[in-house]
Amino acid sequence: MKQSALIVTPPPHLKLERTVGGAMRDVMLALLPISAVSVYFYHAFALKLISLCVVTALATEYVFRRARGQRVTLSDGSAALTGLFVALLFSPTTPVLTAMLATFLAVGVAKELMGGLGRNRLNPALFGRVAIIFLAPLLPFLNQIPLYWSVDTVTRATPLAKLAQGWDMPSTWELFVAFPGGALSETSPLALLVGAAFLLYRGHIRWHIPVSMLASIFVLTFILGQNPVQHLVTGGIMLGAFFMATDWVTSPITKQGKLIFGFAIGVLVVIFRLFLPPPEGVAFSILIMNAFVPLLERVTRRASFSEPVSAPTTG
Amino acid sequence: MDAGTLREGEGRSFVGGMHIPEYKSLTNDVPIRRMAIPDRVIVPLMQHSGAPCEPLVQVGATVQLGQKIGDSEEFISAPVHATLSGTVVAIERRTHPAGEAVECVVIEGKGEQGEFVPVAKNNPDQMSPEELKDAIKEAGLVGMGGAAFPTYVNINTRQPVDTLILNGAECEPFLTCDHRLMVERADELITGADILMRCIGAKKTFIGIESNKLDAIRILSSKTKAREDMEVVPLAVKYPQGYKSYLIKTITGRDVPRGARSAALGCIVRNVGTTFAVYEAVVHGKPFIERIITVSGPEVPNRGNYIVRLGTPADFILREAGVDPNQLAGNKVIFGGPMTGLAQSDLNVPVVKNTTGVLVLPSELVREQVPYTACVRCGVCVERCPNWLYPHQLSILSEYGMYEEMQQWDIWDCIECGVCAYVCPSQRPIVHFVKRAKTVIDNMS
Ligand code: SF4
Ligand code: SF4
């Protein structure tokens, strides 16, 4: 008697309700506060930039997957999320083609060409953002189409630029809560922390990377005679620490590896900020460390529970 | 820890693993009942790890309940007994719940069963450890919770073993047969432990019980209160707490390196069901002819904990539990717990010595049959793996057929507990990958 209609699959037979798509949706939810703040400050500029990048990301993934005969996986939300991340990394006056190219590079090159979600080595959004820094001077036509024709209301110097030039600064508290200037994600460290708390609570990210990264920035800037708190609340540090460096695919899987990874990013960020020209130091630092993830995982590999501790018990 | 103030969930544990929904309230207050005896039993000659038995009877022979019908000359093996008085109608290959077909003795019989043929008739108090061990060997006892390793081999150690651990963790969801046994047969269990202690010369017995079984902890604590040499250890409710190595580590703090037999660590772990069977074998001379199993599932009408004859086919058990075996389309029938048990395709498979339960899981409860996707390196499997492995690596290497590398990632240490596959957001069948690779590697060498 063969009951062919019985389900027969290998164990385990139970499954935790947990999917990649669900996690991606949670990350988007965690980015809602910062998106809202950026829309509050930048109005239609922020909205336009976000929609532009998300749509470009979805289209890019669709085209790449189709062209290569793969299953289209837009529903896992990872393309849309990458688009949102790219938008948040740019300032509201970013020209249309620049934002689109960055998104295309993020999703098409850094993710799909590397083998799709899970196989990419570099954080896609950061890759797209940094690539633009190099490409923009070579491709002047990128600036042809501005996001909005009258832009004077939002072109203020960013707090970070003021910091570099020793200008009058808004108070650290203002910078922490909400202050316009710079990329969409730089408007409110507080909003980012709210989202980060949600991600920690939901178990999508662990504390190791953000804590070691922020701690190393704090300590190093302090030693070098800077105002550490001011550093932490400016630029892309908060977004980088909680949302970019913690990206599952491109960060170490071991706890020790995570701690070293975060620490090293912090050191690089300080070096970039204090001694090197490019303003996107956080993006550079994370991308550099992305490349070291396999090495970090190798040196921090833990021993199996069954590994003989000292002298093996002789039987 | 004081059993009186202990709260559910508290207790000692190990590093790794996780809490999994228990589903135990379906059956954990249903007293043990005896299930009807079928007209036909299928007794596999291989119900243990080790060498299979040779049949001692021929087709057509009349057998008496408890009569030895299969045995082996090999050291690592365990005899099997007739679990029904009647006639041997076939000796042929039949599907075993572990999947492959093995030689089975099929017995048919109706009506008067008579007393079982006892394996030992001595007064246990006057038996020497050697005689006790012989009775355990003759009764065909094996580990009833897991790998079905012959108990006689396990306790027949010349090394000094100071500690006996009774495994009452019962960490698999749904299963409650060990729980009920500890509640309802506490005195017999303690006697069984005394016998095992005499066999191995242990000075101390720990009874490890997950603290979702507070009544069992209280009863056994109060019964062992006056004894220096027996102690109940409440354990955290965490899967796979009942795995031998983690139990040893949790209770004694001793490390369990690969390849070391537990005797070499000075402790022996026995499941509470096995310990009860030791009591029955030695005190009543009863061979291993029946066991307690949990029959459960959210839609099973007469779910509960039943004493069933070994060799009872699954469809008989399902009918007794009020389930029509022909109406199970879209369900899973599992022998064992839902984390490590095997889904059956043929409902003729019999209950064997290490069958802990027969579960009927409707499709909404079991893993969705969605295609798995690439590892997104979320790291949860690494955090939860109780053996501190890198399940994601094993699964990726297996996809590429990189078996050599899988050995470098300690594939042989994987206990196939299923935690990694349970948590994976990409629905990767990691345990399946590991099992497949182990088979391939075995065949290569
Ligand atoms: S099945 Fe193996 S790899 Fe997976 S969690 Fe259990 S021991 Fe670890
Ligand atoms: S749980 Fe799944 S997705 Fe996450 S690291 Fe493990 S194998 Fe990869």
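A salt bridge is a side-chain nitrogen of Lys or Arg within 4 Å of a carboxyl oxygen of Asp or Glu. Between chain B and chain A, the count is four salt bridges. One of them joins Arg301(A) to Asp410(B). The closest N and O atoms of Arg301(A) and Asp410(B) are 3.4 Å apart. The model is predicted.

Polar contacts add to the picture of the interface. Between chain B and chain A, 28 residue pairs are in polar contact, both residues being at pLDDT 80 or more. Several elements of chain B give two or more residues to the side that touches chain A. The helices are helix 6 (244–252), helix 9 (380–384), helix 12 (419–423) and helix 13 (430–444) of chain B. The strands are strand 15 (331–335) and strand 16 (342–343) of chain B. Strand 15 of chain B supplies the largest share, four residues. By class, the side of chain B that touches chain A has 41 nonpolar, 22 polar and twelve charged residues.

The extent of the contact was computed as well. The size of an interface is often given as the accessible area lost when the parts come together. Here, the area buried between chain B and chain A is about 5,300 Å². Carbon and sulfur atoms give 57% of that area. Chain B brings 75 residues to the contact, and chain A brings 43 residues.

Ligand 1 is surrounded by residues of chain B. Cysteines around ligand 1 include Cys385(B), Cys414(B), Cys417(B) and Cys420(B). Pro386(B) and Pro391(B) are also found around ligand 1. So are Ile415(B), Val419(B) and Val431(B). Glu416(B) and Gly418(B) complete the list. The shell divides into nine nonpolar residues, one polar residue and one charged residue.

Two residues of chain A were examined in turn. Glu61(A) lies in helix 3 (residues 44–67) of chain A. Its relative accessibility is 1%, so Glu61(A) counts as buried. Leaving aside neighbours within four places in sequence, Glu61(A) is in contact with Thr73(A), Leu74(A), Ser78(A) and Ala79(A). Glu61(A) is also in contact with Val107(A), Lys111(A) and Glu112(A).

Pro140(A) sits in a loop of chain A, between helix 6 (124–135) and helix 7 (159–165). Exposed means over 50% relative accessible area. Pro140(A) has a relative accessible area of 53% and is therefore exposed. In sequence, Pro140(A) and Leu14(A) are 126 residues apart. In space, the C-alpha atoms of Pro140(A) and Leu14(A) are 56 Å apart.

Note on methods:
Residues numbered from 1 in each chain as written. Chains lettered and ligands numbered in written order. Predicted model: local features only at pLDDT ≥ 70, side-chain atom pairs only at ≥ 80, totals over all residues. Heavy atoms only, no water. Near = heavy atom within 4 Å. Nonpolar A, V, L, I, M, F, W, Y, C, P; charged D, E, K, R; others polar. Contact = heavy atoms within 4.5 Å. Buried area = accessible area lost by both parts, 1.4 Å probe. Polar contact = N/O pair within 3.5 Å; in protein donor to acceptor, adjacent residues only side chain to side chain. Buried < 20%, exposed > 50% of the residue type's maximum accessible area, 1.4 Å probe, protein only.
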